[in-house]
Amino acid sequence: MPTDLLANMQQAIIDLQSQIAFLEDTVEALNLRVAEQSRELADQQRQLQLLYQKIDSQTTANTIAPFDLLADKPPHY
């Protein structure tokens, strides 16, 4: 094999190894970010569920009684 061909193949292998290392780092960084966003989303869903429960408990506790025409006459009648 000519030395130029061998040198080119070695350089190509080194370039491929560099690209693979970069891609592995990128995948790891993305994986960490996805895991972080998953935790944030779960926290937000729990907070939203608590807000819904709070709103639901307030609306059932503070219901307005229906208007009764005979019992709720204005004072001037």
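A residue counts as buried under 20% relative accessible area, as exposed over 50%, and as partly exposed in between. Arg 33, at 36% relative accessibility, is therefore partly exposed. The model discussed here is predicted.

**Overall composition**

The protein chain has 77 residues, and buried residues make up 0% of them. Its secondary structure consists of 1 helix and 0 strands. That helix, α1, covers residues 3-61. The accessible surface of the protein chain is about 7500 Å², with 61% of this area belonging to carbon and sulfur atoms.

**Salt bridges**

Side chains of opposite charge can pair when their charged atoms come close. In this model the count of salt bridges is 2. The pairs are listed below, with the N to O separation and the spacing along the chain.

| Pair | N to O distance | Spacing in helix α1 |
|---|---|---|
| Glu 36 and Arg 33 | 3.2 Å | 3 residues |
| Arg 46 and Asp 43 | 2.2 Å | 3 residues |

Glu 36 and Arg 33 both belong to helix α1, where their spacing of 3 residues is about one turn of the helix. Their side chains meet in a salt bridge at 3.2 Å, taken from N to O. Glu 36 has a relative accessibility of 33%, so this residue counts as partly exposed. Its partner Arg 33 is also classed as partly exposed, because its value of 36% falls between the limits of 20% and 50%.

The salt bridge between Arg 46 and Asp 43 has its closest N and O atoms 2.2 Å apart. This pair also lies in helix α1, and here too the partners are 3 residues apart, about one turn of the helix. Arg 46 has a relative accessible area of 47% and is therefore partly exposed. Asp 43, with a relative accessible area of 36%, is partly exposed as well.

**Nonpolar surface patch**

Leu 48, Leu 51 and Tyr 52 form a nonpolar patch on the surface of the model. Together these residues have about 330 Å² of accessible area. One of them, Leu 51, is found in helix α1, the helix that also holds Glu 36 and Arg 33 as well as Arg 46 and Asp 43.

Definitions and conventions:
Residues are numbered from 1 along each chain as its sequence is written. This is a predicted model: local features need pLDDT of at least 70, side-chain atom pairs count only at pLDDT 80 or more; totals for chains, interfaces and linings use all residues. Side-chain values use heavy atoms; hydrogens and water are left out. Patches are made of residues with over 30% relative accessible area and no salt bridge: like charges are joined within 9 Å, nonpolar side chains (Val, Leu, Ile, Met, Phe, Trp, Tyr) within 5 Å. Accessible areas come from the Shrake-Rupley method with a 1.4 Å probe; for residues, only the protein chains shown count as cover. A salt bridge is a side-chain nitrogen of Lys or Arg within 4 Å of a carboxyl oxygen of Asp or Glu. Helices (H or I, at least four residues) and strands (E, at least two) are DSSP runs, numbered from the N terminus. Buried means under 20% relative accessible area, exposed over 50%, partly exposed in between (1.4 Å probe, protein chains only).
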